[in-house]
Amino acid sequence: MPAAARTDRRRPAVAAVRRLPEFLTIWVPLLLSAGHLISFALWTIWVSFTPSTLVPVSGWVGLRNYTAMVATRNWQIAFDNLLVFGSGFVLLSVLMGLLLAILLDQRIRGENVFRSIFLYPLAVSFVVTGTVWSWLLNPGIGIQKLVNGLGWTSFRFDWLIDREMAIWTIVIAAIWQSSGFAMALFLAGLRSVDPDLIKAAQIDGAGPIRMYRRVILPTLWPITVTVVVIQLQFAITTFDLVRALTGGGPGTATQLPALVVYDFMFQRGLLARGAAAAVLMLLILLAVLLPYAAWRYLQRRQSAHA
Amino acid sequence: MNKITRRAMLASTTGLIAAPRLARAQAVKPRLTVISQWSAGSDGAAITALGKKFEEKGGTWQHSPVPGFTTEMMNKLRAQIMAGDPPACSQLKGPEIAAWSKIAATVNLDALVAAAGYEKVVAPDLARLHKPGGKWISLPLQIYSTNMLFLSKRAMDKAKADRIPVTWAEFNALAENMKAGGVTYPIANGGTRPDDGQKFEAALAGISPAAYRAAMMTLDEKALKGPEVKAAFAQARRIADWMDPNTAAQHYSVNLPRFVAGDMGMMIQGGWAQGVLLNAGFKLDDFIIAPGPCDNGKPVFLLNADAFIFWQRKEPDLQAGQTLMAQLVMDPAIQTMYSQITGSIPVRTDVDLSGAGWSDGQRRTAAALKEAVAANQAVLSLAHNMAQENGMTAAIIDVLTEYVKNKAMTPDQGVARLSNAVEGAR
C-alpha cells in the first residue's frame, strides 16, 4: 500500500518530465513566434500614431496618419485593386484547382507526373514568376508578338500596358503559381469521399457529371472554405509578385496595399504613414478572418449540440 | 658585472608593452567603412577604382554596396544608424543630406574644405545643398545632367536632319521628321518612375527655367497652377506619344540596341547613359550628345550630383580614414578619374576637359553647366531626388508617371492632380 501511494504521488511528476521534450518543442517556438509577431505588430500600431518620418520618434498625432493615407490616390487605387484582385484570384484559383483535381481524380496513368507538374510552380519564387510573366505578357516580345508572327496579325494581348486590365495580368500570374496548391487540397478531399456514397449514386444511375455535382462536391465544402481563406490571405499580402511583374503598374494602376506600405515606409521615408497603411491592411485581414473564425466557432457549437 | 635587477626587468618589460601603443598612436592606419548603391556597371567600376586609390595611400577600404535604387542603400543606412553603428562614410544626395543630418551626428568638414579651397570651385547652388546649417558635412563627387539629348546617328540620317534641336519647337519638328523618315518610335524610353519624371522636368525646365525653380524647387502654388506647367504637361504628352508603349516597366537600357540601330530616334536621359551605352558595347560615334532643349536659347542644366557624407565615429582609424577620403574626393585628379569612368563631369569647375579620356558629350555637358550657371539656369533635378525630399518627390512622380502612361489624361487634369499631390504631401 505505501508503495502504491508513493507511485501515485510520483506519477504526475514523472509523466510531466517524460513529456517535457514535447512541451519544449511545441511551446518554446510557439511562444517565441507569437511574441515576435505580437510585439512587432504592437510596435507598428504605436508608430502609426506618431509623427515619425525617417526614424521612429515618440509623439501623438491621433488619426492624422490614417486620414492622410486614406486620402491618397495610392491607397484608394490599392484598395480597389485589392477587391478586384482578391475576388478574381480567389474565385478563379478555386475553380482552376477544382477542375485540375477533378481531372486528376479520373485514375489516369501517370497521375503522379501530372500532379508534380501542377504543383511545381509553387516552388518557384514570386520574383521569378513575376519577371518571366512580365516578358510573356509584354506585347512587344511575348505572347502577342508570337501569335502575330504566326499569322493572326490583329491579335491583341496587351493587358500589361493597359491601365484597366493590368491587374488581371497579376491575377493570371498568381493563378499559375498557386492553383497547384488548391488542386492538391481538393484532390485530397476528393479522394476521401466515402466510396459507399459513390457506389450508391452509381446504382441509382447517376452519370459522372451529376455525381460530381450532387454527391461529391457538396462534401468538399469545408475544404473549399479552407482554400478560400488561405488564398485570400495570400492575395492581401501580395508584394513581390506585383513588384516584379508590373512594378506598380502602368503609372500607379496596379498598386496593392503591401506595395503602398513598403513605398511609404522605406522609399519615401514616411514611417508613420506606412505604419498606418500596414494597420489598415491588418484590419482588412481581420475583416476576412474574424467571420471565418466566428463561422467555425458556430459550427463547433452546432455539432456539439447536435 | 652588470646584474639585471628585478626592478630593471620590470621597468623594461613595461616599456616594451607600452611601446606598440605609442607607435600605433603616432601612425594610425586609416580605415573606412563605406556604403553606396554602386555595385555594378560603370558606377561599380568607378568606386572600386576610388577604393584602390584609397588603399594606395595606405588605407583599408571596406565598401559594402547595396544594389538597387538609392532608397535601398538608405534603408541599410537607417538600420545601421539606429543600431548605433553608422558607416564612416556613405553616399547621400540632395535635400536628404539636410534631413538625415538631423537624425545622426555628422563630421564637420569646414577645416578640410578650407584647406583644399574646395568651396571656390563648386557651383553655389550645389554647395548650399551640402552645407545645411552653414557647415560642410558632405562632399559632392560628380555631376550629371538629367536632361541630355541623345540622338541616334542612323535615325538622324533617316530624318535627313543635320541640326541638333535647341528649342522644343525644333525638337518636335525633328521628331515628326524622324517618324516620317521611317523611325518607328522617335523617343527611346524606359518605363521606370524616374524616366517618366525626367520627361516632365526636362519639358518644364526647357520651357521656363524660372517657372521650374518656382514650381518644383520652391513649390510655389501659383507657379504650380501656371501656364508654363500646363505647357510642360502638353509637351510631355507629345513626348509620350512618340515613345514605344510596349516598354511597360522595363529599364531604358532594353531599348538601347534599337536606339543605336536607328529604329528609335532620340533619348532624353542623364549623362550616365553614355557610360551605359559604352558598357553595352556601342561606340561613341553611334550617337550624338547635346544639352536638352531650352526655349530661350541658353542651356538649362538639371543638376544631379552624388555626394559622400561622413558620420561621426569615435574610432581613430575611422576618423583618419574619413580625413583621407575627404581629401581624395576633393582632389582634381581623383575627380577626373572617377568622371572618366562613369561619364559624369567633375564637380570642380577648374578641371580641364580637353584631354583624352573625355568624350565630346562630357565636354558639351561641362560647357553647358558653365553657361547655365552664368545665366542662372542651373536647377536641381526633381526626378532624381535633388529638388525635394523623397516623400514629396514620390508624390509628384506618382502624378507624372500616371500622366505619361495614361493617354486619356489631359494637361488640365495633370495640373490639378499635381497641385493636389503637392498639397497633400506638404
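Colleague: Hi! Which side chains meet in a salt bridge with Glu402(B)?
Modeller: Glu402(B) meets the side chain of Arg73(A) in a salt bridge, at 3.0 Å from N to O. Keep in mind that this is a predicted model.

Colleague: Good to know. How many salt bridges are there between chain B and chain A?
Modeller: The count is three salt bridges between chain B and chain A.

Colleague: And how many residue pairs are in polar contact there?
Modeller: Ten residue pairs are in polar contact between the two chains, with both residues at pLDDT 80 or more.

Colleague: Which helices of chain B supply residues to the side that touches chain A?
Modeller: Helices α3 (70-82), α4 (95-101), α18 (390-405) and α19 (411-425) of chain B each supply at least two residues of that side. The largest share, eight residues, comes from α18(B).

Colleague: What kinds of residues are on that side of chain B?
Modeller: They divide into nine nonpolar, ten polar and eight charged residues.

Colleague: How many residues are in contact on each chain?
Modeller: On chain B there are 27 residues in contact with 25 residues of chain A.

Colleague: OK, and how much area do the chains bury between them?
Modeller: About 2,100 Å² is buried between chain B and chain A, with 53% of it on carbon and sulfur atoms. Arg78(B), Asn246(B) and Glu402(B) supply 26% of the area that chain B buries against chain A, more than any other three residues. You have already met Glu402(B), in the salt bridge with Arg73(A).

Colleague: Let's change topic. How many helices and strands does chain B have?
Modeller: Chain B has 19 helices and eleven strands. The C-alpha trace of chain B spans about 105 × 45 × 40 Å along its principal axes, and buried residues make up 56% of its 426 residues.

Colleague: Can we zoom in on one strand? Which way do the residues of β3(B) point?
Modeller: In strand β3 (residues 89-92) of chain B, Cys89(B) and Gln91(B) point one way, while Ser90(B) and Leu92(B) point the other way.

Colleague: Are those four buried or exposed?
Modeller: All of them are buried.

Colleague: Which strands does β3(B) pair with, and in what sense?
Modeller: With strand β1 (residues 31-36) of chain B, β3(B) pairs in the parallel sense over two bridges. With strand β9 (residues 301-310) of chain B, β3(B) pairs in the antiparallel sense over four bridges.

Colleague: What stands opposite Cys89(B), and which residue is the bridge partner of Ser90(B)?
Modeller: Val34(B) stands opposite Cys89(B), and Ile309(B) in β9(B) is the bridge partner of Ser90(B).

Note on methods
Residues are numbered from 1 along each chain as its sequence is written. Chains are lettered from A and ligands numbered from 1 in the order in which they are written. This is a predicted model: local features need pLDDT of at least 70, side-chain atom pairs count only at pLDDT 80 or more; totals for chains, interfaces and linings use all residues. Side-chain values use heavy atoms; hydrogens and water are left out. Buried means under 20% relative accessible area, exposed over 50%, partly exposed in between (1.4 Å probe, protein chains only). Two strands pair if DSSP finds at least two bridges between them. Contact means heavy atoms within 4.5 Å. Buried area is the accessible area (1.4 Å probe) that two parts lose on being put together, summed over both. A salt bridge is a side-chain nitrogen of Lys or Arg within 4 Å of a carboxyl oxygen of Asp or Glu. A polar contact is a pair of N or O atoms within 3.5 Å; within protein, one must be able to donate a hydrogen and the other to accept it, and residues adjacent in sequence count only if both atoms are side-chain atoms. Ala, Val, Leu, Ile, Met, Phe, Trp, Tyr, Cys and Pro count as nonpolar, Asp, Glu, Lys and Arg as charged, and the others, Gly among them, as polar.
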